[in-house]
Amino acid sequence: MFYYFSTNLWLFWLLISLLCLIMEMASGTFYILCFAIGALFSMVGTWIGLPFWGQVVCFAVFSILSIFAVRPVVLNYLHPEHQERKSNADALEGREGEVIEDIQPQRSGYVKVDGDEWRAVTADGSFIKIGERVRIVKMDSIVATVERV
């Protein structure tokens, strides 16, 4: 088997590339993809007659180049900066919920949004009673600022 791989090194690099692509599917960081690209260039190096040490150098060089050239392009394509997604408590802004404890002018109450309970204060300082529908206009840490719907 070793003799077969030594005479057909392109298969070795193809297997390395496929293994890297499978590992990339599990990680999603696009670093391992760069090593798959380096292995593909090394496979081409076997076809043009590079010795094994030259193929290893080719693998290293093209892997490093693709980390700096290919990875940023892929990340920008898949995760555009203009599509900033809110997460955690910031994603609650604009959502509607129901008051489960009275919200008084100088005291906070509680609202229920998507099954979660949040401490809430009113935006205009008004009284909101239990059962009323409210919309979250701002989040300050774990306190929601709400207004009537």
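## A walk from the long helix to the barrel

Start by selecting Gly54, Gln55, Cys58, Ser63, Ser66 and Arg71: in helix α4, these residues are buried. Here buried means under 20% relative accessible area, exposed means over 50%, and partly exposed is in between, using a 1.4 Å probe and protein chains only. Helices (H or I, at least four residues) and strands (E, at least two) are DSSP runs, numbered from the N terminus.

Before you go on, know that this is a predicted model, where local features need pLDDT of at least 70, side-chain atom pairs count only at pLDDT 80 or more, and totals for chains, interfaces and linings use all residues. Residues are numbered from 1 along each chain as its sequence is written, and side-chain values use heavy atoms, with hydrogens and water left out.

**Stop 1: helix α4 and its cover**

Now select residues 52-78 to see the whole of α4, and look at serine 66, where the helix bends by about 40 degrees. That bend is the angle between axes fitted to the seven residues ending there and the seven starting there. Serine 66 is also one of the buried residues.

What covers those buried residues? Add α2 (9-27) and α3 (32-47), which are included in the cover. Contact here means heavy atoms within 4.5 Å.

**Stop 2: the loop between α2 and α3**

Click on phenylalanine 30, in the loop between α2 and α3. Its phi is near 70 degrees, a positive value in a residue other than glycine. Is phenylalanine 30 buried or exposed? At 14% relative accessibility, it counts as buried.

**Stop 3: cysteines on their own**

Show the cysteine sulfurs. A disulfide is a covalent bond between the sulfur atoms of two cysteines; the cut-off used here is a pair of cysteine sulfur atoms within 2.5 Å. How many disulfides does a search of the whole structure find? Zero. Take cysteine 20, which is in no disulfide: the nearest cysteine sulfur, that of cysteine 34, is 10 Å away. Cysteine 20 counts as buried, at 10% relative accessibility.

Then hop back to cysteine 58 in α4. Why no bond for this one? Because the closest cysteine sulfur, in cysteine 20, is 14 Å from its own, too far for a bond. Cysteine 58 is buried as well, with a relative accessible area of 12%.

**Stop 4: the barrel**

Switch to cartoon view and find the five strands that close into a barrel, in the order β1-β2-β3-β5-β4, with mixed pairing. The twist averages 55 degrees from one strand to the next. For such angles, axes are lines fitted to C-alpha atoms (for helices over the stretch in contact), and angles run from 0 to 180 degrees between N-to-C directions. Two strands pair if DSSP finds at least two bridges between them.

Walk along three of the pairings:

- Select β2 (residues 109-113) and β3 (residues 116-122), which pair in the antiparallel sense over five bridges. Lysine 112 stands opposite glutamate 117 in β3.
- Keep β3 and add β5 (residues 143-148); this pairing is parallel, over four bridges. Valine 121 stands opposite threonine 145 in β5.
- Add β4 (residues 133-140), joined to β5 by six bridges and running antiparallel. Threonine 145 turns up again, as the bridge partner of lysine 138.

Between β4 and β5 is a hairpin with two residues between the strands, where serine 141 takes a positive phi near 60 degrees. Serine 141 counts as exposed, at 62% relative accessibility.

**Stop 5: charged pairs**

Side chains of opposite charge can pair when their charged atoms come close. A salt bridge here is a side-chain nitrogen of Lys or Arg within 4 Å of a carboxyl oxygen of Asp or Glu, and the structure holds six of them.

Select aspartate 114 and arginine 95, whose side chains meet at 2.5 Å, N to O. Aspartate 114 is in the loop between β2 and β3 and arginine 95 in the loop between α4 and β1 (96-101), 19 residues apart. Aspartate 114 counts as exposed at 52%, while arginine 95, at 37%, is partly exposed.

Finish at glutamate 96. Its side chain meets that of arginine 133 in a salt bridge (3.8 Å, N to O). Glutamate 96 also forms one with arginine 135, the closest N and O atoms being 3.2 Å apart. Arginine 135 lies in β4 and glutamate 96 in β1, so this pair ties together parts that are 39 residues apart in sequence. For the last view, add Glu147: Glu96, Arg133, Arg135 and Glu147 are linked in a network of salt bridges.
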